[in-house]
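Hi there,

Here is the structure I promised to pass on to you. Have a look at it first, and then read on for what I found in it.

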Amino acid sequence: MKKIEAIIKPFKLDEVKDALHEIGLMGITVTEAKGFGRQKGHTELYRGAEYIVDFLPKVKLEIVCADDMVERAVDTVIAAARTGRIGDGKIFILPVEEAIRIRTGERGEEAI
C-alpha cells in the first residue's frame, strides 16, 4: 500500500475528487493548507497599501491505495489538477506499513 499526498490549488479540488471517484478511489482526506514553493508568494494592493502574501492557500489531499492503483491515481491527480501555471503543486508517494479499519478491525488493503 502507498499513501499519496498531493498539494494542489483549492479551486481544483472538485475536479480532482470527481476524477478520482471515476477511477474507483472513494476515500480521500482533505486538509486546508498554506505554503509556497518557487513562486515565493506575490504582492497585493489593499486599500492603497502594498503587502506581500508569502503563504498561498493550498489544499492537501491524502489518499491510501493498493500498490497497483498508485500510478493510475497519480496520473489522475496530475491530469485534473494541472493548470500549466506556476504553483500547481506537488505529489509525494510514501509507503504504508499497515491500515486498520477501526469499526471492523479489518487490516491491510481490506481496510482501505
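**What I found**

Just after helix H1, Gly24 has a positive phi of about 100 degrees. Please keep in mind throughout that this is a predicted model.

Helix H1 is a good place to begin, so let me stay with it for a moment. It spans residues 13-22, and its buried residues are Val16, Ala19 and Leu20. Viewed down the axis of H1, these buried residues fall within an arc of 100 degrees, so they line one face of the helix. The general background is that an α-helix has 3.6 residues a turn, so residues three or four places apart point the same way. On the other side of H1, Asp14 and Glu22 are exposed. What do the buried residues of H1 pack against? Their partners are strand E1 (2-8), strand E5 (56-65) and helix H2.

**The chain as a whole**

With H1 in view, you can place it in the overall layout. The protein chain has two helices and six strands, and from the N terminus on these elements run β-α-β-β-β-β-α-β.

How does the radius of gyration of the protein chain sit beside that of a compact globule of 112 residues? The chain has 17 Å, whereas such a globule would have a value near 13 Å. The C-alpha atoms fill a box of roughly 60 × 25 × 20 Å, taken along the principal axes.

Of the 112 residues, 34% count as buried. The accessible surface of the chain comes to about 7,800 Å², and carbon and sulfur atoms account for 52% of that surface. If you take the contacts between residues at least 6 apart in sequence, 71% of them join residues at least 24 apart. As for charge, the chain has 18 positive and 20 negative charges, and their mean positions are 6 Å apart.

**Strand E5 and Ile63**

Strand E5 is one of the partners of the buried face of H1, and Ile63 is found in this strand. Is Ile63 buried or exposed? Ile63 counts as buried because its relative accessibility is 0%. Leaving out residues up to four places away in sequence, Ile63 touches Lys2, Lys3, Ile4, Leu20, Leu25, Gly27, Ile28 and Val77. One of these, Leu20, is among the buried residues of H1. There is also a distance to look at here: Ile63 and Ile52 are eleven residues apart in sequence, yet 33 Å apart in space, C-alpha to C-alpha.

**Helix H2: two neighbours in sequence**

Helix H2 is another partner of the buried residues of H1, and it covers residues 70-81. Thr76 lies in this helix and is buried, with a relative accessible area of 14%. Which residues does Thr76 touch, not counting those up to four places away in sequence? They are Ala19, Leu20 and Ile23. Ala19 and Leu20 belong to the buried residues of H1.

Asp75 also has its place in helix H2, but this residue is partly exposed, with a relative accessible area of 45%. The C-alpha atoms of Asp75 and Ala6 are separated by 12 Å, with their positions 69 residues apart along the chain.

**Strand E6 and the segment after it**

Pro95 is in strand E6. Buried or exposed, which is Pro95? Pro95 is exposed, because its relative accessible area is 69% and the cut-off for exposed is over 50%. Setting aside neighbours within four places in sequence, Pro95 is in contact with Met1 and Lys2. Lys2 is also among the residues that Ile63 touches. Asp67 is 28 residues from Pro95 along the chain, and their C-alpha atoms are separated by 9.2 Å.

Further on, Ile102 is found in the segment after strand E6 (89-95). Ile102 is exposed, with a relative accessible area of 83%, whereas Ile63 is buried at 0%. From C-alpha to C-alpha, Ile102 and Ile7 are 27 Å apart in space, and they are 95 residues apart in sequence.

Enjoy exploring it, and write back whenever you like.

Best wishes

Notes: Residues are numbered from 1 along each chain as its sequence is written. This is a predicted model: local features need pLDDT of at least 70, side-chain atom pairs count only at pLDDT 80 or more; totals for chains, interfaces and linings use all residues. Side-chain values use heavy atoms; hydrogens and water are left out. Helices (H or I, at least four residues) and strands (E, at least two) are DSSP runs, numbered from the N terminus. Buried means under 20% relative accessible area, exposed over 50%, partly exposed in between (1.4 Å probe, protein chains only). Contact means heavy atoms within 4.5 Å. The radius of gyration is taken over C-alpha atoms; the globule rule is 2.2 Å times the number of residues to the power 0.38. Accessible areas come from the Shrake-Rupley method with a 1.4 Å probe; for residues, only the protein chains shown count as cover. Lys and Arg count as positive and Asp and Glu as negative; His and the chain ends are not counted. The place of a charge is taken as NZ of Lys, CZ of Arg, CG of Asp or CD of Glu. The arc is that of the directions from the helix axis to the C-beta atoms.
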